[in-house]
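Here is a short briefing to read alongside the structure. Take a moment with the view below, then follow the points topic by topic.

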Amino acid sequence: KKWLIHDAVYLPDDLELATVDEKDVVPMRVVRTDKNEATRGEKDVDEHPVLAKSRIVSQGFKDPQALEGKLDTDAPTLSSEGTSMIYQTATSEQWRLEQGDVDSAFLSGGYLSPNRKVYFRVPKGGLPAVPELGWPALPEGTILGGKKGSYDMKDAPLLWYLSHTGAVEELGCVRSRLSKAFFLHYDAKGKLDGMIGIHLDDDLITGTKQFFDTVIATLHKKVCFGKWHTANVPGESLIH
């Protein structure tokens, strides 16, 4: 359902399918995990219940274009220096410090270029119908066309990075020379009032109340954040 909500795939017509080379089709698979496994320790599942999660991913390591080295996959992430700057500034200025995890980030990136053709094969067992989005049940082996980056595709992190940093820059943030994934924001008087660090699908953010009420509030409208964490900084109530 998330793949469809983010417009990441489509059903090719018979004319297009006739042009698809079998070796260019990337298999999909379903990954099932227990998100509580890492923190369970010696406890049993009654004390620390299973937190189940399923995700459909592509086997991107089989993507012919990636294997041939034809893809640009360099997606900058927040450097240790940038992380330190955010923590140090939050402490010294007594600014709010927050961290957000973007929901389905790699499905939320930009669209593939016209010369980037990607096809997927529906995994064993098929996929259920999503009637509210007009999609029928898909039997295993069905071929889907890719429209965006997706889980485990080699260029998905870069597509997301370009989309997300573009949204951050539209809010008036300026890329720091310290890191390509570290952004600064200045108020109307030219005084630094906020910082945003991007590491894959996580944002680390600090700034004044005004910065959060305006810039970050707008960012929330542009980006679908899932988990959101707030750190307590002396001098300001962070309940909001």
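## After the helix: a turn at glycine

Just after α6 comes Gly172, and its phi is positive, near 95°. Please keep in mind that this is a predicted model. The notes below start with that helix, then move to the sheet, the salt bridges, the whole chain and the confidence values.

**Helix α6**

- Helix α6 covers residues 156–170, which makes 15 residues. From its first C-alpha to its last it reaches 21 Å, close to the 21 Å expected at 1.5 Å a residue.
- Which residues of α6 are buried? They are Ala156, Pro157, Leu158, Leu159, Trp160, Tyr161, His164, Thr165, Ala167 and Val168.
- In an α-helix there are 3.6 residues a turn, so residues three or four places apart point the same way.
- The buried residues of α6 have several packing partners: the strands β4 (96–102), β7 (174–175), β8 (182–186), β9 (192–199) and β10 (202–207), together with helix α7 (209–222).

**A five-stranded sheet**

- One open sheet has five strands in the order β1-β6-β5-β2-β3, and its pairing is mixed. At its edges lie β1 (9–10) and β3 (52–58), each of which pairs on one side only.
- Within this sheet, β5 (residues 119–121) and β6 (residues 143–146) run antiparallel to each other and pair over three bridges.
- If you would like a spot to look at, find Phe120, which stands opposite Leu144 in β6.

**Salt bridges**

- The count of salt bridges comes to 13.
- Arg116 and Asp155 meet through their side chains in one of them, at 2.9 Å from N to O. This pair links distant parts of the chain: Arg116 sits in the loop between β4 and β5, while Asp155 sits in the loop between β6 and α6, 39 residues apart. Arg116 and Asp155 are both buried.
- Another salt bridge joins Glu98 to Arg96, with their closest N and O atoms 3.8 Å apart. Here too, Glu98 is buried and so is Arg96.
- Glu169 and Arg175 also form a salt bridge between their side chains, at 3.2 Å from N to O. Are these two buried, exposed or partly exposed? Glu169 counts as partly exposed because its relative accessibility is 36%. Arg175 is partly exposed as well, because its relative accessible area is 31%.
- Shared partners also tie salt bridges together: Asp63, Arg116 and Asp155 are joined into one network.

**The chain as a whole**

- The chain has seven helices and eleven strands. Its C-alpha trace spans about 60 × 50 × 35 Å along the principal axes.
- Of the 240 residues in the chain, 43% are buried. The chain exposes about 13600 Å², and carbon and sulfur atoms supply 53% of that area.
- Among contacts in the chain with a separation of 6 or more, 68% come from residues 24 or more positions apart.

**How confident is the prediction?**

- The mean pLDDT of the chain is 91, with 96% of its residues at 70 or more.
- Where is confidence lowest, and where is it highest? It is lowest in strand β11 (residues 225–231), at a mean of 83, and highest in β8, at 98.
- Over residues 236–240, pLDDT stays under 50, and the model has twelve contacts beyond four places in sequence for this stretch.

Technical notes: Residues numbered from 1 in each chain as written. Predicted model: local features only at pLDDT ≥ 70, side-chain atom pairs only at ≥ 80, totals over all residues. Heavy atoms only, no water. Helix = DSSP H or I, 4+ residues; strand = E, 2+ residues; numbered from the N terminus. Expected span 1.5 Å × (residues − 1). Buried < 20%, exposed > 50% of the residue type's maximum accessible area, 1.4 Å probe, protein only. Contact = heavy atoms within 4.5 Å. Pairing = 2+ DSSP bridges. Salt bridge = Lys/Arg side-chain N within 4 Å of Asp/Glu carboxyl O. Areas by Shrake-Rupley, 256 points an atom, 1.4 Å probe, with all protein chains shown as cover. pLDDT = per-residue confidence, 0-100.
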